[in-house]
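I opened the model today and kept notes as I went. The entries below follow the order in which I looked things up.

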Amino acid sequence: MRALRWDGTRLALARDAPDPRPGAGEALVRVHLAGICRTDLEITRGYLGFRGTPGHEWVGHVLAADDPALVGRRVVGEINLGCGVCQSCARGSAPLPGPPGARHPGADGAFAS
């Protein structure tokens, strides 16, 4: 697989990036569009010490998932995960601005094919 990779100093095309391997409760998604946002630009200035494939704003469709009802559905990416137990999560408003238990999964982004 090809991917744009940020190594902390430069963005480069990696032609040997590993194919995604979704785990339990995850899905494999074919990305149709991915946007560049301010966070992606800040990553190039050292934001959060990120290393990997950027691209957290995307839309696509599910190719494979544990739940067969999800296959073929259009989906949009979210890089923040709520804790699932706080009042914000119960209201469905998590993860932004972010309950105390919210976290970023640290996964690679969508700038890959």
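**Entry 1: a long-range pair**

I started with the side chains of Arg5 and Asp108, which meet in a salt bridge at 2.8 Å, N to O. I count a salt bridge when a side-chain nitrogen of Lys or Arg is within 4 Å of a carboxyl oxygen of Asp or Glu. The pair links distant parts of the chain: Arg5 is in strand S1 (residues 3-6), and Asp108 is in the segment after helix H2 (87-91), 103 residues apart. Helices (H or I, at least four residues) and strands (E, at least two) are DSSP runs, numbered from the N terminus.

I then checked exposure. Arg5 is partly exposed, with a relative accessible area of 31%. Asp108 also counts as partly exposed, at 46%. My classes are buried under 20% relative accessible area, exposed over 50%, and partly exposed in between (1.4 Å probe, protein chains only).

**Entry 2: ground rules**

This is a predicted model, so I note the limits: local features need pLDDT of at least 70, side-chain atom pairs count only at pLDDT 80 or more, and totals for chains, interfaces and linings use all residues. I number residues from 1 along each chain as its sequence is written, and side-chain values use heavy atoms, with hydrogens and water left out.

**Entry 3: the chain overall**

I found 2 helices and 5 strands in the protein chain. Read along the sequence, the pattern is β-β-β-α-β-β-α. Of the 113 residues, 19% count as buried. I also looked at contacts (heavy atoms within 4.5 Å). Among those between residues at least 6 apart in sequence, 52% join residues at least 24 apart. The chain exposes about 7900 Å², and carbon and sulfur atoms supply 54% of that area. Accessible areas come from the Shrake-Rupley method with a 1.4 Å probe; for residues, only the protein chains shown count as cover.

**Entry 4: the other salt bridges**

How many salt bridges are there by this rule? The count comes to 3. Arg38 forms one with Glu42, with the closest N and O atoms 3.0 Å apart. Arg38 and Glu42 both lie in helix H1, 4 residues apart, about one turn of the helix. Arg45 forms another with Glu42, at 3.4 Å between the closest N and O atoms. Salt bridges that share partners thus join Arg38, Glu42 and Arg45 into one network.

I compared their exposure classes. Arg38 is exposed at 58% relative accessible area. Arg45 is exposed at 59%. Glu42 counts as partly exposed, at 25%.

**Entry 5: Asp40**

I stayed in helix H1 (residues 38-43), where Asp40 is placed. Which side chain of opposite charge is nearest to Asp40? It is Arg38, 10 Å away; Asp40 is buried and has no salt bridge. For charge, Lys and Arg count as positive and Asp and Glu as negative; His and the chain ends are not counted.

I looked next at what the Asp40 side chain does reach. It meets the backbone nitrogen of Cys37 at 3.0 Å. It also reaches the backbone nitrogen of Gly55, at 3.4 Å. Leaving aside neighbours within four places in sequence, Asp40 is in contact with Gly35, Pro54, Gly55, His56 and Phe111. Gly55 thus appears both in that contact list and as a backbone partner of the side chain.

**Entry 6: the loop after H1**

I moved on to Tyr47, in the loop between H1 and strand S4 (57-65). Tyr47 counts as partly exposed, at 41% relative accessibility. Beyond neighbours within four places in sequence, Tyr47 is in contact with Thr39 and Glu42. Tyr47 and Gly8 are 39 residues apart in sequence and 9.7 Å apart in space, C-alpha to C-alpha.

Leu48 is in the loop between H1 and S4. I noted its phi: near 60 degrees, a positive value in a residue other than glycine. Leu48 is exposed, with a relative accessible area of 71%.

**Entry 7: a nonpolar patch**

Last, I looked at the surface. Leu4, Leu11 and Leu13 form a nonpolar patch there, with about 250 Å² of accessible area together. Patches are made of residues with over 30% relative accessible area and no salt bridge: like charges are joined within 9 Å, nonpolar side chains (Val, Leu, Ile, Met, Phe, Trp, Tyr) within 5 Å. Leu13 is in strand S2 (residues 11-14). Leu13 is partly exposed, at 45% relative accessible area.

Key. Polar contact = N/O pair within 3.5 Å; in protein donor to acceptor, adjacent residues only side chain to side chain.
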